Amino acid sequence: MVANAVQEEDQSTSTNEDRDQSTSANEDRETNCWGCGLRVSVATFASVFKCGWCGAITKEHVVKNDNIRLRRCLDRFFVIIVISFMLFFICAGVWAVYPIIFSVSYFRGVFHLAIIAILSICTLSSFFLSAFQPAGIPPLIIWGSFPAVGQGGLDNYTFCHYCSKPKSPMAHHCRSCGTCVLDMDHHCPFIGNCVGAANHRCFILFLLLTVISTFYVTIMTSYSALQIWPHQENEPVIRLSGYANRELIFGVLKETILAFLRSAVFLPVRGLVLVYLFLSSLSVSIGLSVLLWQQLSYIYVGKTYLSHLRAVDSEEVMERDCKNIVRFFGCSSMTTAYLPSYWKSRKAHTK
């Protein structure tokens, strides 16, 4: 009987403790909204809450880990490498290609020299514009004062603990740049800057011009290399008569390729530079073409890379239309009248 009484007393004590804990957990606490400064009553366990007046979202217990010095040094290092690589391509291409082109035809040399000058100036200009101008500074808004902030004036705004100012739903804080960027697509280390609302168009133009330039270098270097490639003194003469099987054809191709590579030993320095420019420009052109296609596909859907990642989590369906690309490049709405009817169709694709 004593044991049962003790057990019942322990059970009642634990029940009272659980009741007290649940009561304390259900108790609300009061705090200030960062957006309008009004007192907000929230649950004790809530770490994220939204103000009922201004619509600002407050996230508590945010851990700051902001060390951008190393990231900035790496970005500057990559920018120096990219600029050096571009200048080397221009100077080495002019030194290796155009004496050969001028020896073929003076008019052709002047024509191609004008093309390379235009491509070089446009590519370097778009690179500097996308690398050294702010990616997209969010607009300044009034916050922290109830009379100044109207109802719903900060709807879905959050507070950036790094910049100590409001952050709109379309902005994202970049820890490499140390600032919030409006319509941020991604942080590109090769331009040492974020790709946002202010320089996204310049970044796309830089990719497009670089792809065109590298494709042009690939054609010109291959043509110039073939002009100065040493001819074989004893070229094998193979006569095919009757039925030629697959092994014989592959044997002829193998001997031709090996003889072509053996003759590369006698290439001058200009020829070796042409081979290097050909391989480099071909690889860069393929890689940047894939990146350009990815960027244009996001613009076609009306998204950025970061918004695409958020849409994957939320299964958001966006409207796909070529008018998104027209609006992105700042063309007038009348331009869509000249697009084919298939392009002008407004379709929403579901996953």
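How many helices and strands does the secondary structure of the protein come to? The count is nine helices and 12 strands. The model is a predicted one. The protein has 351 residues, and 33% of them count as buried. Now take its contacts with a separation of 6 or more. Residues 24 or more positions apart account for 60% of these.

Start with the spans that a record singles out. An unreviewed UniProt entry carries the annotation "transmembrane region". That annotation covers residues 77-98, 110-132, 203-226 and 273-293. Two of these spans can be checked against the model here. Residues 110-132 are 100% helix and 0% strand in the model. The C-alpha atoms at the ends of 110-132 are 33 Å apart. Residues 203-226 are likewise 100% helix, with 0% strand. For 203-226, the end C-alpha atoms lie 35 Å apart.

Next comes a single residue, S224. Helix α4 runs over residues 200-228, and S224 has its place there. Is S224 buried or exposed? Its relative accessible area is 0%, so S224 is buried. Which residues does S224 touch, leaving aside those up to four places away in sequence? They are V97, I100, I101 and L274. The side chain of S224 also has a polar partner in the backbone. A polar atom of that side chain lies 2.9 Å from the backbone oxygen of M220.

Helix α4 turns up again at the largest pocket. This pocket has a volume of about 730 Å³. It is lined by 37 residues. Closest to its centre are M86, F206, T210, V284 and L288. Several elements give two or more residues to the lining: α2 (69-104), α3 (106-132), β9 (186-188), α4 and α6 (269-301). Which of them gives the largest share? That is α4, with 10 residues.

Strand β9 leads on to P189. This residue is found in the loop between β9 and β10, the latter being residues 193-195. P189 has a relative accessibility of 28%, so it counts as partly exposed. What does P189 touch, apart from residues up to four places away in sequence? Its contacts are D75, F78 and V79. Take V79 as an example of a distant partner along the chain. P189 and V79 are 110 residues apart in sequence. In space, their C-alpha atoms are 7.5 Å apart.

Now look at two hairpins. The first is formed by β1 and β2, with six residues between them. Strand β1 covers residues 28-32, and strand β2 covers residues 39-43. The two pair in the antiparallel sense, over five bridges. One bridge joins D28 to A43 in β2. In the turn, G37 has a positive phi of about 80°.

The second hairpin is made by β7 and β8, and four residues lie between its strands. Here β7 is residues 171-174 and β8 is residues 179-182. This pairing is also antiparallel, over four bridges. H173 has C180 as its bridge partner in β8. A glycine takes a positive phi in this hairpin too: G178, near 75°.

Which residues other than glycine have a positive phi? Two such cases are N156 and D183. Phi of N156 is near 65°. N156 lies in the loop between α3 and β5, where β5 is residues 158-160. N156 is partly exposed, because its relative accessible area is 35%.

D183 has a phi of about 50°. It is found in the loop between β8 and β9. The relative accessible area of D183 is 28%, so D183 is partly exposed. That loop links the second hairpin's strand β8 with β9, one of the elements that line the largest pocket.

Note on methods
Residues are numbered from 1 along each chain as its sequence is written. This is a predicted model: local features need pLDDT of at least 70, side-chain atom pairs count only at pLDDT 80 or more; totals for chains, interfaces and linings use all residues. Side-chain values use heavy atoms; hydrogens and water are left out. Buried means under 20% relative accessible area, exposed over 50%, partly exposed in between (1.4 Å probe, protein chains only). A polar contact is a pair of N or O atoms within 3.5 Å; within protein, one must be able to donate a hydrogen and the other to accept it, and residues adjacent in sequence count only if both atoms are side-chain atoms. Contact means heavy atoms within 4.5 Å. UniProt positions are given in the numbering used here, feature names are shortened, and annotations may be inferred rather than shown by experiment. Two strands pair if DSSP finds at least two bridges between them. On a 1 Å grid over the protein atoms alone, a cavity is a set of points where a 1.4 Å probe fits but cannot get out, and a pocket is an open set with protein on both sides within 12 Å along at least five of seven lines; lining residues have an atom within 4 Å of a point. Grid points are joined across faces, edges and corners, and a volume is the space filled by probe spheres set on the points.
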